[in-house]
Amino acid sequence: MTDTIAAGDGELTPRQMRTAQRNFTLFSFLNVVSFHLLTGNLIALYALRLGAGDLLVGVLYSFIPLGQLVPLLGRLIVRRLGTVRTMGIFWIARYALMSPILLAPLFANNSAPVSIWLIAASVVGFNLARGVAITGHNAIVGAITTETERGSFLSRNQLVIHTAGIGAGLAIGLLLQEESPLFLYSLLMAAGIVIGLSSTRLVFRFPEPPAPDRAGGFLASLGRTLRRPGVPRFLTLLAVHSFAVSMVLPFLVVYAKRAHGLGDNTAMLLGAVGGAGAIAMALVSAFVIDRVGAKPLISLFTATLAVTTVMLAVAPPLDSVTAVWVYLGVVFFFATFGAAGATSANSVYYFNLTPSADRLNLGILYFLVVGIPASLGSLGGGLVLDLLRSVRGLETSDVYRVYFGALAVAYVGIIMLAARLERLGAYRVHDLLGLFASPRDLRALALLHRLKGSRTSDTEQSLVRRLGGTPSRLAAPDLLRRLDSPRFAVRSEALDSLADMPATDELARALIAEVSGQPFTTAHKAADLIGRKRLTDGVEVLRNSLTSPDVFLVGKAMVALAQLGDQSSRATIEELFRSTENPRLLIHGAAALELFGDPASLDDVLAVLERAPSRYVRDEVILSAAGILEMANSFYPLYQGFLGNARHGLAMVTDYVAEHQERARLAPATLNLVTALVAGFPDLPAFRAAAGDALEQIPVVVRDVPLTAILAEALARPATGELEHFRFLLAATIAYYAWRRL
């Protein structure tokens with residue numbers, strides 16, 4: 001035995017975690033092969049060969065979850081030996097206790113009851129030892145996975161388990177015959193014991209889970225848990241689901257043999273088809289469970305299992321071998337798909353619902369809530385089938401119609417119970433169904449799966465960029481995590497991709513942290529997103545950013561505060577705008593004042609033109625002034641034309657005047673004032689005279705605030721009045737307000 005990795009002093013390193021996950025996966029593979037050779041359908045077929053009835057098959061199946069009734073004993077042993085040593089020692093013990101089953105064929109002919117008792121005793125010992133061994137199973141899984149990857153790891157592990165199960169089922173099905181000799185069963189079971197023992201060495205390599213600091217006793221953990229909202233409801237669902245599943249799956253192979261007369265080999269091969277359903281489940285679950293949450297998958301998988309019970313209840317006559325294979329293949333596939341999927345989703349929901357400190361104790365509770373109903377379900381299923389078979393007039397097919405029909409009705413109630421679970425941040429069921437119907441979301445899932453395995457910043461950056469082109473809200477959590485990247489390019493791409501994602505509290509918190517923690521890099525992009533998405537929680541950090549030495553951040557913060565309508569910061573922004581010479585701050589300050597929309601800001605905006613700024617600043621300032629004058633949409637195409645060719649721009653103003661005169665006629669004197677502006681535009685003195693006359697007759701008033709004087713004063717200032725671009729703004733403004741006042 002090798003020393004286990006100590007995980008109690010802190011979290012495992014990523015390398016240790018990957019090694020532990022690989023060991024766990026290999027252990028799961030070997031264990032499931034061994035399990036298929038020692039229990040399940042093979043035991044059921046063996047018992048049927050020895051003359052067992054439905055009740056006895058149910059009893060044998062009830063021993064499988066029997067081991068989940070003894071974790072309380074396992075907990076005491078774990079406290080003395082540790083989680084890993086307890087699991088390893090009792091894993092060895094379970095195969096030792098299973099060994100007597102190898103002797104069963106010796107008594108088959110003369111003492112069949114002795115054979116049955118040997119089988120029963122071996123199965124009981126096997127599962128009791130297993131029950132002690134798995135006490136710390138959930139704690140080990142919790143130690144070797146992180147919260148963000150736990151669901152996908154469990155799903156991938158399920159994929160390995162069910163793949164191994166299919167392989168084992170196919171191998172057994174090919175080795176068995178219609179009526180196989182009993183010694184062949186012994187050989188298969190001996191192989192299962194050897195494989196199981198070989199897997200035990202991997203157990204001792206698992207990391208020892210950290211001892212909980214505050215878990216206390218089992219009853220204390222139980223009390224804390226039951227007081228949490230939603231826990232009693234989940235435990236009820238867990239128990240009812242376990243009971244119902246154990247009334248379905250164990251009897252599928254019995255149904256195949258009794259209702260359709262299939263041989264041992266065919267029944268085992270159908271079991272392998274069921275394993276394919278479990279693999280399909282694992283593939284689906286691995287892609288989506290960490291993205292959409294466990295709750296909708298619980299409902300979806302439970303509904304799938306309900307549909308299969310309906311199919312069994314209404315099964316038509318199957319007159320050909322092909323019909324039997326197709327129909328029963330579909331039933332086995334989707335029954336296992338639904339049962340395994342619901343079990344996996346329930347497990348993930350349990351991890352999300354329970355704190356890590358209580359995980360060992362509540363793992364025991366989990367096994368008890370699953371194990372007791374499962375045992376009762378198997379026993380109850382066998383008993384009900386035996387009782388139905390004793391009813392006169394009921395054919396074998398009718399027995400199973402009644403049995404599975406009643407279960408179909410029960411599953412309706414289970415689906416309703418699943419719908420009432422606490423969401424824990426998960427998607428709704430109809431959202432999940434919409435996801436599967438959306439090529440965009442499916443593409444996002446594929447990209448997210450690749451992103452999870454990326455190892456270089458270039459790959460990460462490329463995938464993040466492609467996610468932004470999806471866009472799917474599934475990507476939001478992963479994109480938010482990319483904001484922790486040390487690489488500027490990755491964070492920048494993530495912020496660009498988040499632009500099309502819905503606004504959430506998580507997004508607001510991440511952007512606020514980015515603004516405060518990433519100046520000179522991506523803080524300005526985060527500030528821009530806070531404003532565009534109207535995230536009011538970000539007001540405080542944006543206000544603080546106005547004094548940052550990062551001018552990119554200051555500019556975006558000014559605009560974002562204006563988008564959020566933060567009037568308290570307007571005075572600070574106006575002062576920054578008046579005092580700065582930085583072109584970037586002038587541009588963003590003008591945009592912010594336009595967004596605030598206070599007409600009194602026009603004076604500050606036009607004053608910037610006196611500082612002889614560069615062309616690109618001048619254009620932004622003039623357009624912002626047009627916005628404050630509430631004529632942005634009308635002025636923008638005119639100004640574009642003017643920038644391309646001054647004459648063309650003036651001609652567009654002339655057309656504007658003519659078109660509006662046709663709709664609402666101005667008095668001839670007023671019309672002459674407007675047209676004189678265009679005619680006198682090239683001559684500065686003539687334009688100033690015409691504009692002065694026009695402003696006296698055509699007042700410019702925005703929301704009851706007169707702006708005529710501000711425009712006249714700007715025209716009188718040499719540096720501003722001589723600027724053709726301002727004069728064009730003034731001409732367009734007078735033309736606009738000439739008709740606006742009508």
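Val114 has its place in helix H6, which runs over residues 112–133, and in this predicted model it is partly exposed, with a relative accessible area of 34%. Together with Leu103, Leu106 and Phe107, Val114 forms a nonpolar patch on the surface, and the accessible area of these residues together is about 360 Å².

The chain that carries this patch has 742 residues, of which 56% are buried. Its secondary structure comes to 37 helices and two strands. Of the contacts between residues at least 6 apart in sequence, 79% join residues that are at least 24 apart. The accessible surface of the chain is about 30,800 Å², and 59% of that surface belongs to carbon and sulfur atoms. One pair separated along the chain is Leu297 and Tyr349, which stand 52 residues apart in sequence while their C-alpha atoms are separated by 9.9 Å. Leu297 lies in helix H14, residues 294–313, and is buried, with a relative accessible area of 0%.

Two helices show how buried residues are covered. Helix H26, residues 551–563, has 13 residues that should span 18 Å at 1.5 Å a residue, and the end C-alpha atoms are indeed 18 Å apart. H26 is mostly covered, since 10 of its 13 residues are buried; among them are Leu553, Val554, Met558, Leu561 and Gln563. The cover over the buried residues of H26 includes helix H23 (505–517) as well as H24, H25, H27 and H28.

Helix H34, residues 684–697, has 14 residues and reaches 20 Å from its first C-alpha to its last, close to the 20 Å expected at 1.5 Å a residue. Which residues of H34 are buried? They are Phe687, Ala690, Ala691, Ala694 and Leu695. These residues cover an arc of only 135 degrees around the axis, and they therefore lie on the same side of H34. Pro685 and Glu696, on the other side of H34, are exposed. The buried residues of H34 pack against helix H33 (668–679), helix H35 (708–716) and helix H37 (724–740).

Helix H27, one of the elements covering H26, spans residues 570–579 and contains Glu574. Glu574 is buried, with a relative accessible area of 14%, and, leaving aside residues up to four places away in sequence, touches Leu593 and Ser601. Ser601 lies in the loop between helix H28 (583–596) and helix H29 (602–607) and counts as buried at 1% relative accessibility. With the same exclusion of residues up to four places away, the contacts of Ser601 are Glu574, Leu593 and Ile628.

The structure holds 15 salt bridges, and the table below sets out some of them.

| Salt bridge | Closest N to O distance |
|---|---|
| Arg543 with Glu540 | 3.7 Å |
| Glu575 with Arg578 | 3.3 Å |
| Asp619 with Arg615 | 3.8 Å |

Arg543 and Glu540 are three residues apart in helix H25 and are therefore separated by about one helical turn; Arg543 is partly exposed, with a relative accessible area of 31%, and Glu540 is partly exposed as well, at 46%. Glu575 and Arg578 are likewise three residues apart, in helix H27, which means a separation of about one helical turn. Both of these residues are partly exposed, Glu575 with a relative accessible area of 42% and Arg578 at 38% relative accessibility.

Asp619 and Arg615 both lie in helix H30, four residues apart, about one turn of the helix. Are the two partners buried or exposed? Asp619 counts as buried at 11% relative accessibility, whereas Arg615 is exposed, with a relative accessible area of 54%. Elsewhere, salt bridges that share partners join Glu540, Arg543 and Asp566 into one network.

Two loop residues stand out by their backbone angles. Most residues other than glycine have a negative phi. Arg534, although not a glycine, has a positive phi of about 55 degrees; it is found in the loop between helix H24 (523–532) and helix H25 (539–545) and counts as partly exposed at 47% relative accessibility. Glu630, also not a glycine, has a positive phi of about 60 degrees. Its place is the loop between helix H30 (615–628) and helix H31 (632–644), where Glu630 counts as partly exposed at 31% relative accessibility.

How values were computed: Residues numbered from 1 in each chain as written. Predicted model: local features only at pLDDT ≥ 70, side-chain atom pairs only at ≥ 80, totals over all residues. Heavy atoms only, no water. Patch = residues over 30% accessible without salt bridge, like charges linked within 9 Å, V, L, I, M, F, W, Y side chains within 5 Å. Areas by Shrake-Rupley, 256 points an atom, 1.4 Å probe, with all protein chains shown as cover. Salt bridge = Lys/Arg side-chain N within 4 Å of Asp/Glu carboxyl O. Buried < 20%, exposed > 50% of the residue type's maximum accessible area, 1.4 Å probe, protein only. Expected span 1.5 Å × (residues − 1). Arc of directions from axis to C-beta. Contact = heavy atoms within 4.5 Å.
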